[in-house]
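Trainee: I am new to this one, and I would like to walk through it with you. Could we take it one question at a time?

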Amino acid sequence: IAVTAGRIVAMQPAVADRGTEEIDARGMTVAPGFIDIHSHGDGGLRDDPRMESVIRQGITSIVVGADGSSRFSGDAGNSFAAWEARTNLLRPSVNIASMIGLGTVRGAVVGESDRGASASEMARMTAMVERAVSEGACGASSGLEYTPGAFASESELVALCRPLSARGLSYATHMRNEDDQLLESIDESIAVARGARCGLQVSHLKQQGTRNWSKIDACFARLRAARAEGIAAWFDVYPYVAYATGLTNLFPTWSRDGGDAAFLARLADPATAPRIRQEVLAKVELIGGWDNVQISRVGRAEDRDAEGKRLGTWAAAQQQDPYEAAVGLLRRNNTDVGMLGFAMSEDNLDRLLAHEFSMVCSDGGGFAIDGPTRRGSPHPRGAGTFPRVLGRYVRERRALSLEQAVHRMTARPASRVRLGDRGLMAVGMAADIVVFDPATVSDTATFANPFQYPVGIVHVVVNGYWSLRNGERPGDGTGRVLRVAS
């Protein structure tokens, strides 16, 4: 494989020309750079553009703006183009494509209130989406368990996704519910794509809570039926039995109407507090109890002892009721508390990863074992997702073949977000390349110790330049923002 000026210029059994730099990859797997179709890896970019936990997985491009939240809103003062310029100045280690977050759009126009958008507000929001995709955004996303995105109706989502259709872009959704109302939420997601005449990407498909694990076949059946009627319906999945979110996600959506101050007031209001408690306890029972909730991040230094602890055990050590301990954390930290929820089945993960409609995502952040992005106790998916699929699910559990796994990490996501010159190794394609040892590649990050890099990822090339060579990081980042051609 010969690379010149950031492009693959030859692929032959033997290339006659000598390279300025050469790598002997005999015994290794050489693949297109991995593309993370659902990432939050840009979260620490300003603090640390090295993006160590991302690049060391073999990821060369990430798709951000997920779960309804993007770092631009699409209006004149906060456009995709302005975000692109700011991001490229940071010299990221990987390429970054972004969707427009419909929750961000709603927040900018409607605010934090649970109400329908007016006609003028709908017109403004639609124009913001149109501007973002015309400038290069690679789709639109929703986060329907998060506010203010949760306050959007199905008809609002349809209208905001219509600009995607003509460009062949997709609607990616963190659905309204991933447990007891899972199937109804898939139906709504399909209805949005049908109404907008666009593709559908179900984000991090899962079946939360033991009583919902058996719904996996119904999930597949609904997506298959959608494809039969012409909807390009796909999903992504991360290879872990725990999800990550904010602790407020245990609390009902209605209680979060109006923003943090209103939410905290309802927790103390005798008229609403008992109902909130009842609904939270039901949610916790669904996922298996308070020790299936692990605190991943707090905003207040005095509460750092809770990070990495199971909430039930931590509350008992504080001699507190776990619900009251959770509420106390939220109050003291002004709701800035992260959590992991252990609620999924590994047998289902085998089937999700192997399914013909699937692709791999991390849904993880970018961090390092040193420096400013080493904070809290994050989900290990931010450092281990892609090697974990190759090691645990390909080599050990044999849920899918190496070729299938690589396809779900490369060509398939590139096609979904229209990154036309990425995801394949062929003459003329961008030189994003990963070299790994299929016999040893594995994750090492755990829920107890997430700050560990994977093994077996030997070399990573981004846009024709070394980003990882023999496990070492040379020079500055060579990634950039990727635009979808209009």
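**A guided look at strands, cysteines and charges**

Mentor: Let's begin with strand S17 (residues 457-462), which is mostly covered, as six of its six residues are buried. Buried means under 20% relative accessible area, exposed over 50%, and partly exposed in between (1.4 Å probe, protein chains only). Strands (E, at least two residues) and helices (H or I, at least four residues) are DSSP runs, numbered from the N terminus. This is a predicted model, where local features need pLDDT of at least 70 and side-chain atom pairs count only at pLDDT 80 or more, while totals for chains, interfaces and linings use all residues. Residues are numbered from 1 along each chain as its sequence is written, and side-chain values use heavy atoms, with hydrogens and water left out.

Trainee: In what order do the strands of the open sheet of four strands come?

Mentor: Two strands pair if DSSP finds at least two bridges between them. Strand S3 (29-32) and strand S18 (465-468) each pair on one side only, which makes them the edge strands. The pairing is antiparallel, and the order is S3-S16-S17-S18.

Trainee: Which residue in S17 stands opposite isoleucine 433?

Mentor: Start from S3, which four bridges join to strand S16 (residues 433-436). Proline 32 stands opposite isoleucine 433 in S16. Four bridges also join S16 to S17, and these two run antiparallel. Across from isoleucine 433 in S17 is valine 461.

Trainee: Which residue takes a positive phi in the hairpin of S17 and S18?

Mentor: S17 and S18 run antiparallel and are joined by three bridges. Valine 462 has tyrosine 465 in S18 as its bridge partner. The hairpin has two residues between the strands, and the one with a positive phi near 55° is asparagine 463.

Trainee: Which residue in S14 stands opposite glutamine 294?

Mentor: For this, turn to the open sheet of three strands, with antiparallel pairing and the order S12-S14-S13. Its edge strands are strand S12 (242-246) and strand S13 (293-298). Five bridges join S13 to strand S14 (residues 337-342). Opposite glutamine 294 in S14 stands leucine 340.

Trainee: How many disulfides does a search of the whole structure find?

Mentor: A disulfide is a pair of cysteine sulfur atoms within 2.5 Å. The sulfur of cysteine 198 has its closest cysteine sulfur in cysteine 161, 4.9 Å away, which is too far for a bond. For cysteine 219, the closest cysteine sulfur is in cysteine 361 at 15 Å, also too far for a bond. The search of the whole structure finds zero.

Trainee: Is cysteine 219 buried or exposed?

Mentor: We can look at cysteine 198 as well, which is buried with a relative accessible area of 7%. Cysteine 219 has a relative accessible area of 0%, so it counts as buried.

Trainee: Why does the salt bridge of glutamate 156 and arginine 106 tie together parts that are apart in sequence?

Mentor: Side chains of opposite charge can pair when their charged atoms come close. A salt bridge is a side-chain nitrogen of Lys or Arg within 4 Å of a carboxyl oxygen of Asp or Glu, and for glutamate 156 and arginine 106 the closest N and O atoms are 3.0 Å apart. Glutamate 156 lies in helix H5 and arginine 106 in helix H3 (residues 102-109), so the parts they tie together are apart in sequence by 50 residues.

Trainee: What is the relative accessible area of arginine 106?

Mentor: Its partner glutamate 156 is buried, with a value of 5%. Arginine 106 is buried too, and its relative accessible area is 1%.

Trainee: In which helix does glutamate 324 lie?

Mentor: The side chains of glutamate 324 and arginine 277 meet in a salt bridge (3.1 Å, N to O). This pair links distant parts of the chain, 47 residues apart, with arginine 277 in helix H9 and glutamate 324 in helix H11 (residues 322-332).

Trainee: How many salt bridges does a search of the whole structure find?

Mentor: Some are linked in a network, formed by Asp48, Arg50, Glu52, Arg56, Asp370 and Arg473. Another joins arginine 275 and glutamate 279 (3.1 Å, N to O), and both of these residues lie in helix H9 (residues 273-287), four residues apart. Over the whole structure, the search finds 44.
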